[in-house]
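Trainee: Could you choose one part of this structure and take me through it closely? I would like to see how its pieces fit together, and then how the rest of the chain compares in its details.

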Amino acid sequence: MKETDREAVATAVQRVAGMLQRPDQLDKVEQYRRREARKKASVEARLKAAIQSQLDGVRTGLSQLHSALSDVTDIQRSLADVSRDWRQSINTVESLKDVKDAVVRHSQLAAAVENLKNIFSVPEIVRETQDLIEQGALLQAHRKLMDLECSRDGLMYEQYRMDSGNTRDMTLIHGYFGSTQGLSDELAKQLWMVLQRSLVTVRRDPTLLVSVVRIIEREEKIDRRILDRKKQTGFVPPGRPKNWKEKMFAILDRTVTTRIEGTQADTRESDKMWLVRHLEIIRKYVLDDLIVAKNLMVQCFPPHYEIFRNLLSMYHQALSTRMQELASEDLEANEIVSLLTWVLNTYTSAEMMGNAELAPEVDVSTLEPLLSPDVVSELLDTYMSTLTSNIIAWLRKALETDKKDWLKETEPEADQDGYYQTTLPAIVFQMFEQNLQVAAQISEDLKTKVLVLCLQQMNSFLSRYKDETQSYKEQHLRDRQHPHCYVQYVIAIINNCQTFKESIVSLKRKYLKSDTEAGVSLSQPSMDGILDAIAKEGCGSLLEEVFLDLEQHLSELMTRKWLLGSNAVDTICVTVEDYFNDFAKIKKPYKKRMTAEAQRRVVLEYLRAVMQKRISFRSAEERKEGAERMVREAAQLRHLFRKLASGFGEDADGYCDTITAVAEVIKLTDPSLLYLEVSTLVSKYPDIRDDHIGALLAMRGDTSRDMKQTIIETLEQGPTQANPNYVPIFKEIVVPSLNVAKLLK
């Protein structure tokens, strides 16, 4: 208390010090005293009220404790009285055992009396029930069966209550009602038969199906009542619980499985389209059955049976099992496609589970896959492996067929524009197109894989195609009379290359979302290169045919016979034009290149004749005459190739101008200007070499050794700058037996 008083005084001092910090506050001392007095009175009043409340609570608690003590005392006295009375009545209870037994016997006899009529009429009820079952009156039959079972179960229960260990009496009762179980089984058999045909029955006689469901529902209620009694007494009648609802769903499940499996009417041996037919029958049956179940069967079953949901699950599981079985068989490639298309697309499409008549109960997005991803992947791997083998075999067979056509005595067919062609591109790309259309039905990913496979095999095929065309050429060179239509079929092969290129581009554009998808675009340059090589080889073969016929006439150029008036160039022009009339059946891109190459080759042979020193002019008149003849023949060739190149939109004069430029060197009459003319020629054709200049000067026949040496050495000192667009021609011309040293001599 002293400590508390000291703390109170200290606090008061502190507060007073806070109030009296300035002199002017001394005037308010009385005011402060009254305020503090009021606060003190208020606090004391609240404290007194709290203490009074606590005292009232304690007083009430003590009163209640006194009352409880009195009640406990009364209860204790009452329990003592009960205990005393119980001890006194033990002997009395034991003396009532006979009464208890009499009550039990009375209860049994009462049950027997109650069921007496039924007991004596059991044989008659059994016969009536059997007749009703045979007549199809299932509800009435079940009512009588319930009466029989009720009588049997009641008697057995009373016997169980009286003496549960007396098996003899239980067996006697069970034997007397022995026919009851047989009737139950017979009735169940009829119920299962109706359920097996439920999808047909619900359309023809829905009341029969409703009767079956009512019977099952009754049995379910009896099962539940007996199981509840078992918990209390431990007694279960024979044959219970029947679990007919569970058996009903098992029967429906077996029925669905049998219906799915029974749709296969054919085998691969009897019908190549057996799987397609089988899957289509399944689709039709399942769709029809589910529509019937949704619209009719749900009206015959209680809502808590969820009959449509359960049937949907059964059909889905049965289909999944069947698809697994089919997937495990040794399927062919087309059969794998049919199966995967059906599983991945048809099943969830509007033709089946996505049908509007099944909505909204069926949501395809919630359906589990019929085949696991591993099985689908395995099937796709098998399909790709088989397809690879098939494509290789098909391409090989197509090439063999095309090779046989090359040996025919008749010309190849022409397309609508008159270009020669064989059936090879059409066959190859028709095959590719069919396989890609099939793959697209399954998935975009498979379509891309098949396209990649087709292009890869196409690449390999083109290499074989190139080898075969080379062999075809070699065979012809051994005997130029055979094959009879060699030129026409080479033209067809060249055109095939263009068709292949166009078809590859078309195929990729049609079946690829983007050109870079799956890296497929990388294969295009490779194939284009092979096709261009085949076409170039073909064009070269045709030009070889031309130049084999021109060989004799080309050998006359730049000879004395030529100078005196040979018509070699006329013959060359006629021959080339005649061949190119046949070459008109080559498609434009390759014909354009071939025309340019023919011009280059003709000019090259002409210049080669110049460089081989077949003639040396003896006078200025001969040089003039020879040069003018060269200019005329250059114009003649220029006219020919302009005519052949008409429609290509390109300049056809470039190579022929080379002949004119050489003629200018030969035509020059003033030897002092020869260096200038030759330097002009070299500046235009920078690939011209010393031996070419030497051969050209030797052909003139009027240049001295010193002049030749000076011209060549001067030209060597001043190299010319080549035009970036210049196409070399002189570098291909070899002066085999004529070197500069000999020319200088």
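Mentor: Happy to. Let's begin at helix α16, which supplies eight residues to the lining of the largest pocket, the largest share of that lining. Keep in mind throughout that this is a predicted model. The pocket has a volume of about 610 Å³. Its lining counts 28 residues, and those nearest the centre are Ala-333, Asn-334, Val-337, Ser-338 and Val-438. Besides α16 (424-442), the elements that give two or more residues to this lining are α12 (274-295), α14 (333-346) and α15 (373-406).

From α16 we can step across to the next helix, α17, which spans residues 444-478 and holds Met-458. Is Met-458 buried or exposed? It counts as buried, because its relative accessibility is 0% and the cut-off for burial is under 20%. Leaving aside residues up to four places away in sequence, its contacts are Val-428, Phe-429, Phe-432, Phe-500, Ile-504 and Met-527. Val-428, Phe-429 and Phe-432 fall within the range of α16, while Phe-500 and Ile-504 fall within α18 (486-511) and Met-527 within α19 (523-554). Take Phe-432 as one of these partners: 26 residues separate it from Met-458 in sequence, and their C-alpha atoms are 9.7 Å apart.

Helix α17 also takes part in an enclosed space. Two cavities of 30 Å³ or more turn up in a search of the whole structure, and the largest has a volume of about 80 Å³. Thr-469, Tyr-472, Lys-473, Tyr-486, Val-490, Ile-493, Ile-494, Ile-534, Glu-537, Gly-538 and Ser-541 line it. The elements that give two or more residues to that lining are α17, α18 and α19. You have now met α17 twice, as the home of Met-458 and as a contributor to the cavity wall.

Next, follow the chain out of α17. The loop between α17 and α18 contains Pro-483, and the peptide bond that joins His-482 to Pro-483 is cis, with omega near -10°. A second cis bond runs from Ala-359 to Pro-360, with omega near 0°; Pro-360 sits in the loop between α14 and α15, two of the helices that line the pocket.

Back in the α17-α18 loop, Arg-480 deserves a look. Its side chain meets that of Asp-549 in a salt bridge, 3.7 Å from N to O. This pair ties distant parts of the chain together, since Arg-480 is in the loop between α17 and α18, Asp-549 is in helix α19, and 69 residues separate them. Arg-480 counts as partly exposed because its relative accessibility is 33%, and Asp-549 is partly exposed as well, at 34%.

Helix α19 has another such tie. Asp-532 forms a salt bridge with Arg-593, with 3.7 Å between the closest N and O atoms. Here too the link joins distant parts of the chain: Arg-593 lies in helix α22 (residues 588-611), Asp-532 in α19, 61 residues apart. Arg-593 is partly exposed, with a relative accessible area of 45%, and Asp-532 counts as partly exposed at 24%.

For a local counterpart, go back to α12, one of the helices that line the pocket. Lys-284 and Asp-288 form a salt bridge with 3.3 Å between the closest N and O atoms. Both residues are in α12, four residues apart, about one turn of the helix. Lys-284 is partly exposed at 45% relative accessibility, and Asp-288 is partly exposed at 31%. A network of salt bridges links Glu-400, Lys-403 and Glu-468. The whole structure holds 32 salt bridges.

One last backbone detail also touches α12. Glu-306 sits in the loop between α12 and α13 (307-328), and its phi is near 45°, a positive value in a residue other than glycine. Glu-306 is partly exposed, with a relative accessible area of 40%. Asn-243, in the loop between α10 (206-233) and α11 (244-261), likewise has a positive phi, about 55°, although it is not a glycine.

Definitions and conventions. Residues are numbered from 1 along each chain as its sequence is written. This is a predicted model: local features need pLDDT of at least 70, side-chain atom pairs count only at pLDDT 80 or more; totals for chains, interfaces and linings use all residues. Side-chain values use heavy atoms; hydrogens and water are left out. Buried means under 20% relative accessible area, exposed over 50%, partly exposed in between (1.4 Å probe, protein chains only). Contact means heavy atoms within 4.5 Å. On a 1 Å grid over the protein atoms alone, a cavity is a set of points where a 1.4 Å probe fits but cannot get out, and a pocket is an open set with protein on both sides within 12 Å along at least five of seven lines; lining residues have an atom within 4 Å of a point. Grid points are joined across faces, edges and corners, and a volume is the space filled by probe spheres set on the points. A salt bridge is a side-chain nitrogen of Lys or Arg within 4 Å of a carboxyl oxygen of Asp or Glu.
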